[in-house]
Structures are given as C-alpha cells and as structure tokens.
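Please load the model in your viewer and keep the selection panel at hand. The tour proceeds from one selection to the next.

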Amino acid sequence: MTTSPKLPRPTARRVLALVLALALALAASAAAMTSHVGWPRDQHLVMDKGPVGQEHVLRGLPSVHNYLLGGYGSDTIYGGQAGDVIWGDYHPTGEKRQTAVIHAGNGKNFIYANDTVNYVWTGTDPATVVHAHEDGGVIHCQNPHQVVYTSHHAKPHWTFDGCRHISFYSVGY
C-alpha cells in the first residue's frame with residue numbers, strides 16, 4: 001500500500017497573511033476604478049496625451065457634455081456649460097511637478113482633482129461634486145451647496161474657498 005505524502009497544515013499565521021494579502025489586492029483594484037454613476041453622457045472627449053513637462057490647454061465645447069481629461073504635463077482645462085466630467089490628471093500615477101488649473105462651466109460637473117497640484121473653480125451649479133485627493137491645491141466652490149469629497153489624509157493639503165460641505169464619505173463616483 002502506498003501512502004501519499006502529507007502536506008503541511010497551514011498555520012493560523014499563514015492563513016491570516018494570505019487573507020490580508022488578498023484583501024489588500026482587492027482594495028487596490030477597487031480604488032483604481034471609478035464608478036460612472038450620475039455622469040452625463042460623453043458627447044465630446046478631449047484628452048491630454050502630450051509629453052511630460054509641457055503645458056497644454058483643453059477646451060470643452062459650450063453646449064455639450066464634455067469629458068476633459070488632463071494628463072502628463074501641466075494643464076489648463078476649460079469646461080463647457082452643459083455639465084462635464086473633468087480630471088486634473090487621468091493617469092493613475094503622475095508627474096509630481098505638474099499643475100492642473102480647472103475652470104469648470106456652470107452645468108452639473110464631476111471634477112476629479114487628483115495626483116497633481118490643482119486649482120479648481122467649480123462653476124455655479126449646486127449639484128457639482130469635487131473629488132479632492134492626493135497632492136492638494138485650492139478649490140473655489142462657486143456655489144455654497146456643492147460637495148467636496150476628500151479623505152482625512154488629503155484634507156490638510158487643500159485650501160477650500162467657499163466650500164461649506166466637505167465630506168469624508170464616498171458616493172461611488
């Protein structure tokens with residue numbers, strides 16, 4: 001009669017390490033995804049695909065929903081008036097010496113001020129939301145009812161001008 005080799009029994013420490021590694025991997029992939037819930041339809045896409053270290057200007061069309069995506073390099077972004085999705089830098093990681101200057105239009109905007117220094121003017125629509133993460137800057141809320149979503153870690157890096165509603169809860173978009 002042949003016996004099969006005995007496999008070592010997993011220790012509680014090994015099981016805990018495996019569970020922790022799996023949880024961290026899932027959390028990292030979830031953080032890299034952004035829900036599009038509530039976003040307007042994409043009628044005009046402008047992406048900065050230029051090289052690092054150069055300045056770029058992105059302009060939305062006035063009467064359509066724009067997706068304006070800053071990239072590597074310093075960007076100045078002008079939104080339209082129908083409500084836009086605006087990213088200071090659409091890349092998951094970025095050049096830390098770049099700047100995004102965002103002038104959103106007066107429609108319902110979804111603004112993502114992320115891994116660059118950002119200067120944001122939100123436009124006047126009260127339903128505009130700003131997601132402020134990473135390197136900081138200044139957010140000028142042009143309507144007191146707008147909500148800025150950030151984290152306790154990121155908040156000290158930001159200056160909020162006219163922003164009365166700072167939230168630490170995520171809404172999924």
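Does C141 count as buried or exposed? This is a predicted model, and in it C141 has 9% relative accessibility and therefore counts as buried.

**First stop: the disulfide**

Select C141 together with C163. A disulfide joins these two residues, with an S to S distance of 2.1 Å. The count of disulfides comes to one. Turn the view to look along the S-S bond: the torsion about the bond is about 95 degrees, so the disulfide is right-handed. Next, colour the loops on either side. C141 belongs to the loop between β10 and β11, and C163 to the loop between β12 and β13, so the bond ties together parts that are 22 residues apart in sequence. C163 is also buried, because its relative accessible area is 12%, under the 20% limit for that class.

**Second stop: β8, β10 and β12**

Select residues 137-140, which form strand β10. Then add strand β8, residues 117-121. The two strands pair in the parallel sense over four bridges. Within this pairing, Y119 stands opposite V138 of β10. Now add strand β12, residues 158-161. β10 pairs with β12 over four bridges, again in the parallel sense. Show H140 and D161 as sticks: H140 stands opposite D161, which is in β12.

**Third stop: the seven-stranded sheet**

Hide the previous selection and display the odd-numbered strands. They make up an open sheet of seven strands, in the order β1-β3-β5-β7-β9-β11-β13, and the pairing is parallel. At the edges are β1 (44-47) and β13 (165-167), each of which pairs on one side only. Neighbouring strands of the sheet are turned against each other by 15 degrees on average, with direction ignored. In general, strands of a sheet pair through backbone hydrogen bonds, in either a parallel or an antiparallel manner.

Move to the β13 edge and select β11, residues 147-149. Three bridges join β11 to β13, and the two strands run parallel. Label V147 and H165 here: V147 stands opposite H165 in β13.

**Fourth stop: the aromatic pair**

Remain with the sheet and select W87 and Y112. How many aromatic pairs does the structure hold? It holds one. The pair is formed by W87 and Y112 and is stacked, with 4.2 Å from centre to centre and 10 degrees between the planes. W87 lies in strand β5 (residues 85-87) and Y112 in strand β7 (residues 110-113), so the pair ties together parts that are 25 residues apart in sequence. W87 counts as buried because its relative accessibility is 15%. Y112, at 5% relative accessibility, likewise counts as buried.

**Last stop: the whole chain**

Clear every selection and show the full protein as a cartoon. It contains one helix and 13 strands. Followed along the sequence, the helix comes before the strands, in the pattern α-β-β-β-β-β-β-β-β-β-β-β-β-β. Switch to a surface representation: the protein exposes about 10200 Å², and carbon and sulfur atoms supply 60% of that area. Of the 173 residues, 39% count as buried. Among contacts with a separation of 6 or more, residues 24 or more positions apart account for 26%.

Key: Residues are numbered from 1 along each chain as its sequence is written. This is a predicted model: local features need pLDDT of at least 70, side-chain atom pairs count only at pLDDT 80 or more; totals for chains, interfaces and linings use all residues. Side-chain values use heavy atoms; hydrogens and water are left out. Two strands pair if DSSP finds at least two bridges between them. Axes are lines fitted to C-alpha atoms, for helices over the stretch in contact, and angles run from 0 to 180 degrees between N-to-C directions. Rings of Phe, Tyr and Trp (its six-membered ring) pair if their centres lie within 6.5 Å; planes under 30 degrees apart count as stacked, over 60 as edge-to-face and the rest as tilted. Buried means under 20% relative accessible area, exposed over 50%, partly exposed in between (1.4 Å probe, protein chains only). Contact means heavy atoms within 4.5 Å. Accessible areas come from the Shrake-Rupley method with a 1.4 Å probe; for residues, only the protein chains shown count as cover. A disulfide is a pair of cysteine sulfur atoms within 2.5 Å.
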